[in-house]
Amino acid sequence: MAVTEASSQCSPVKPTTPLVTFLDRLQETAFKTYGNSDFDPKLYVDLSLKFNLSDTEEAFKKLPRSENGSVSVEILEGFMGEYMRGAGEDLVEVVPEDYVPEPTGFLPKVESPEVRAWALEVHSLWKNLSRKVSNGVRDRPDLHTLLPLPNPVVIPGSRFREVYYWDSYWVIRGLLASKMHETAKAIVANLISLIDEYGYVLNGARAYYSNRSQPPLLSSMIYEIYKRTGDKEMVRKSLPALLKEHQFWNSGKHKMTIQDDQACNHTLSRYYAMWDKPRPESSTNDKESASKILDASEKQQFYRELASTAESGWDFSTRWMRNSSDFTTLATTSILPVDLNAFILKMELDIASLAKVIGENTISERFVEASQGRKKAMDSVFWNAKMGQWVDYWLGDNSTSCKEVHKLEASNQNENVFASNFVPLWIELFNSDASVVEKVMESFQSSGLLCSAGIATSLTNSGQQWDFPNGWAPIQHMIVEGLVRSGLKEARLMAEDIAMRWIRTNYAAYKNTSTMLEKYDVEECGKIGGGGEYIPQTGFGWTNGVVLAFLEEFGWTKDQKLDCQ
């Protein structure tokens, strides 16, 4: 028994629900029936049941199957029509109570009529992306993978029919530009309800996401809302959840210790999902990816790496691969990521600041101290003075062992260039040091990441969506905002230049497609991003939020050109 307990602590797995297990089997059957073309595995785990699970499973078992396990299209569609409700049917469209077509004081720095008209169209998309969880989910949660959140939600769009964790930060930044403070607070309350239930914010508000989180930005959401509204009551209600979330990222398998040459121990964090099977929302893809791995425990580890990479938000990228041309060499749990630790450092600074606001001075002092310790750790482990960047740190092959102190080895730094190497610039403790900012700006200018339509995610064109030539809204925003916050004139000019490139590419694509997109190809203004596991998605929560945040910060003059230049 002791051996089993020890091994489960070393490689924790959070059990899933019987419904998810059944829908996983349905997805497998559908894949055999329909084949690979235009097949989206997520669709099947987003379905809900009309009747209880045992009756549905019984009927499913009785379906006549061919030798390979497929069912005829007609029979499968008949079964789904009789027993299942469509994906998204358990969400109800709702107009946010604080939505108005043109908010008072909306984007005061935007003078161009053309840009203002487009910005109002982007603002109107909050209406299209707003939903509330239907009463049916609350009454019979066992029939749904959707989780019964208490408040209305804003979804990213398209196949993403539920709330996502880190997306919500940039959605909120856009909502604040749109003066929709109550909708922003409702999103925070939903995420806090997940912490109350699970101990952390889930990757997304579905039962099958309960084995992992996503980049932790809840404190940043609360801090931004507080800055605009001065709502101390929200801060007071939020603090216990933030303390719980900080504990989650700084304990168990997320916590790692690195000992430097002076025998000083540094505590840092990594991504580590509590899962070692195919991800239900991508089960058929994951099995295909793992098909060449013959050893059962290696296969389990690969599945854990897939889920841990999904926890990072960067799913997928050569950043996480030992061999950039072999997807099965994903090794996210062996990496201490720069950006994750920057987010946790920001969480510590936010908690210190928010605790002080409500008079919790002891907590505030504790988190000031924690932030200083993490800043020191980041300087020791991630900073590469030669490159002028913070780089990810590889733990080596033995990182899966349970409790261990790793010796700091300079050669374990990953010197490949990724946009994440510049994310610490977003954090006050780094952007307030002018000499660091100047060095990082110089490094960024010569990095090769800045393209004609924005910042690329990496320099490697692997076909993965978090690699070159794709650019993503959150990356543009963090780097731009970090430069602005430094207060340096040249940094602001660089920030404005990047923001303008990004706004122009968003606008050009919008003119061509009438949609805002999840990602863009930054090599060419107006070009849609590609690659990855699914077709490009529209909507799109965080893209809308970043465009509005950029226009709020920089505005747009009457004589500024909006077309691609």
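Which residues are linked with Glu162 in a network of salt bridges? Lys42, Asp46, Arg161 and Arg206 join Glu162 in that network, as the close-ups below help to show. This is a predicted model, in which local features need pLDDT of at least 70 and side-chain atom pairs count only at pLDDT 80 or more, while totals for chains, interfaces and linings use all residues. Residues are numbered from 1 along each chain as its sequence is written, and side-chain values use heavy atoms, leaving out hydrogens and water.

**View 1. Arg206 and Glu162 meet in a salt bridge.** Their N and O atoms are 2.5 Å apart; a salt bridge here is a side-chain nitrogen of Lys or Arg within 4 Å of a carboxyl oxygen of Asp or Glu. Arg206 sits in the loop between α9 (181-198) and α10 (218-229), and Glu162 in the loop between β5 and α8, 44 residues apart. Helices (H or I, at least four residues) and strands (E, at least two) are DSSP runs, numbered from the N terminus. Both partners are buried, that is, under 20% relative accessible area, with exposed meaning over 50% and partly exposed in between (1.4 Å probe, protein chains only).

**View 2. Asp40 pairs with Arg159.** The closest N and O atoms of this salt bridge are 2.8 Å apart. Asp40 lies in the loop between α2 (18-34) and α3 (42-45) and Arg159 in the loop between β5 (153-154) and α8 (167-177), so the pair ties together parts that are 119 residues apart in sequence. Asp40 is partly exposed at 23% relative accessibility, whereas Arg159 is buried at 10%.

**View 3. Asp379 and Lys375 form a salt bridge within helix α15 (residues 361-381).** The N to O distance is 2.8 Å. The two residues are four apart, about one turn of the helix. Asp379 is partly exposed, with a relative accessible area of 32%.

**View 4. Arg504, in helix α19 (residues 489-513), is buried yet has no salt bridge.** The nearest side chain of opposite charge (Lys and Arg count as positive, Asp and Glu as negative; His and the chain ends are not counted) is Asp497, 6.3 Å away. Instead, look for the backbone oxygen of Lys561, which the Arg504 side chain reaches at 2.8 Å. Not counting residues up to four places away in sequence, Arg504 touches residues including Cys525, Trp556 and Leu562, where contact means heavy atoms within 4.5 Å.

Methods: Polar contact = N/O pair within 3.5 Å; in protein donor to acceptor, adjacent residues only side chain to side chain.
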